[in-house]
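Please load the model in your viewer, show it as a cartoon, and keep the selection panel at hand. The tour below goes from one selection to the next and says what is to be found at each stop.

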Amino acid sequence: ARELGRSMPELVRKHQTSRENANFVADFFNASRLHFIGSWKDRYQKLLDSLPPPPPLPPPPAGGERVVAHIDMDCFFASISMRGRPELEGMAVAVSWASSERGNGEIASCNYVARAHGVRNGMWVQRAKELCSHLIAMPYEFIEYEKAAEEMHRCVYGVTPHMMGVSVDECFADLTACADPEAAANALRARIFEKTGCTASIGLGPNRLLARLATKRAKPNGLFRLTAQEGRAMLRDQPVSELPGVGYSAVQKL
């Protein structure tokens with residue numbers, strides 16, 4: 001982590017204002033996780049523009065359900081940090097511009113070893129260190145994220161052209177036309193790992209909502225399928241906070 005940090009100008013140079021650095025705005029955005037995530041739509045559109053347009057969406061089988069897949073990379077930023085670094089295997093790893101040596105900062109991603117100690121995304125590094133003193137905080141590697149994200153989306157497109165990007169590490173895909181959607185999903189997971197070195201979990205359902213909820217049960221590095229009937233039974237006993245996009249304010253209103 002220290003070696004990687006020393007190689008990054010965002011971390012080794014003195015923080016400057018716009019008066020001191022004519023490239024202040026560009027440097028700021030190049031080091032911004034939120035900018036990287038927010039600008040993903042533009043990069044995703046460029047990827048779509050390089051691919052043939054999809055044919056019409058196939059109808060579901062007579063009397064059957066549509067099959068929608070939700071593909072979500074596991075601890076994406078942290079997985080990239082661990083990739084190719086066997087010395088980090090089994091260690092508690094997080095991603096942040098800060099570490100115990102570099103002050104405080106927000107954790108963008110952490111692996112499941114760190115989560116077992118109570119560390120969570122969005123937590124401050126100093127608080128995370130209180131919960132997990134041996135936590136290793138790795139700096140961002142935006143170029144590697146972009147490469148792996150494009151590979152993941154291309155793997156999905158190789159299975160079906162009916163794909164909808166959600167974020168840098170997440171998308172939906174329609175597998176209705178696949179003879180065996182579960183086999184196709186497992187093959188896709190294997191292909192993603194082969195191309196990116198990172199694992200992905202996939203949830204299957206008759207619509208995007210249930211597919212996304214199925215992914216929660218599939219993690220980490222697994223596959224889970226919900227039918228419409230199973231989804232209705234599961235949602236009946238769930239709090240509304242379990243629904244994607246429903247945060248604190250929406251829960252209060254509901």
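Begin by selecting strand β2, residues 93-95, together with β4, and you will see that in this predicted model the two strands pair in the parallel sense over three bridges. Within that pairing, put a label on Val-93, which stands opposite Ile-136 in β4. Adding β3 to the selection completes an open sheet of three strands in the order β3-β2-β4, in which the pairing is mixed. The edge strands of this sheet are β3 (109-110) and β4 (136-138), each of which pairs on one side only.

Next, select β7, residues 200-205, and colour it by burial. Six of the six residues of β7 are buried, so the strand is largely enclosed by the rest of the structure. If side chains are switched on, Ala-200, Ile-202 and Leu-204 point one way from β7, while Ser-201, Gly-203 and Gly-205 point the other way. As for its partners, β7 pairs with β1 in the antiparallel sense over six bridges, and Ile-202 is the bridge partner of Ile-71. With strand β8, residues 223-225, β7 pairs in the parallel sense over three bridges, and here Leu-204 stands opposite Arg-225.

Ile-71 leads on to the largest nonpolar core, which has 39 residues and in which Ile-71, Phe-76, Phe-77, Tyr-145, Val-156 and Ile-192 touch the most other members. To display where this core comes from, select α5 (40-49), β1 (68-73), α6 (76-82), α9 (142-159), β6 (170-174), α10 (181-196) and β7 (200-205), the elements that give two or more residues to it. Helix α9 supplies the largest share, eight residues. In soluble globular proteins, nonpolar side chains tend to be buried together.

Now centre the view on Phe-76 and show its surroundings: leaving out residues up to four places away in sequence, Phe-76 touches Ser-109, Tyr-145, Ala-148, Ala-149, Val-168 and Asp-169. A second, separate core can then be selected, with 12 residues that include Ile-107, Cys-110, Ala-114 and Leu-135.

From there, move to Glu-170, which lies in strand β6. Is Glu-170 buried or exposed? With a relative accessible area of 10%, Glu-170 falls under the 20% cut-off and is buried. Setting aside neighbours within four places in sequence, the residues in contact with Glu-170 are His-70, Ile-71, Asp-72, Met-152, His-153, Gly-165 and Arg-212.

Arg-212 lies within the range of the next selection, helix α11 (residues 208-218), which should be shown with helix α12 (residues 228-236). Their axes are 11 Å apart and the helices pack at an angle of about 70°, and α11 and α12 are therefore roughly perpendicular to each other. At the place where they meet, display Leu-209, Leu-210, Leu-213 and Arg-217 from α11 against Ala-228, Gly-231, Met-234 and Leu-235 from α12.

Finally, zoom out to the whole protein chain, which has 13 helices and eight strands. Buried residues make up 42% of its 254 residues, and the accessible surface of the chain comes to about 14,000 Å², of which 53% belongs to carbon and sulfur atoms. If you draw a contact map beside the model, consider the contacts between residues at least 6 apart in sequence: 58% of these join residues at least 24 apart.

Notes. Residues numbered from 1 in each chain as written. Predicted model: local features only at pLDDT ≥ 70, side-chain atom pairs only at ≥ 80, totals over all residues. Heavy atoms only, no water. Helix = DSSP H or I, 4+ residues; strand = E, 2+ residues; numbered from the N terminus. Buried < 20%, exposed > 50% of the residue type's maximum accessible area, 1.4 Å probe, protein only. Contact = heavy atoms within 4.5 Å. Areas by Shrake-Rupley, 256 points an atom, 1.4 Å probe, with all protein chains shown as cover. Core = buried A, V, L, I, M, F, W, Y, C linked by side-chain atoms within 4.5 Å. Pairing = 2+ DSSP bridges. Axes fitted to C-alpha atoms, helices over the stretch in contact; angles between N-to-C directions. Parallel < 35°, antiparallel > 145°, perpendicular 65-115°, else oblique.
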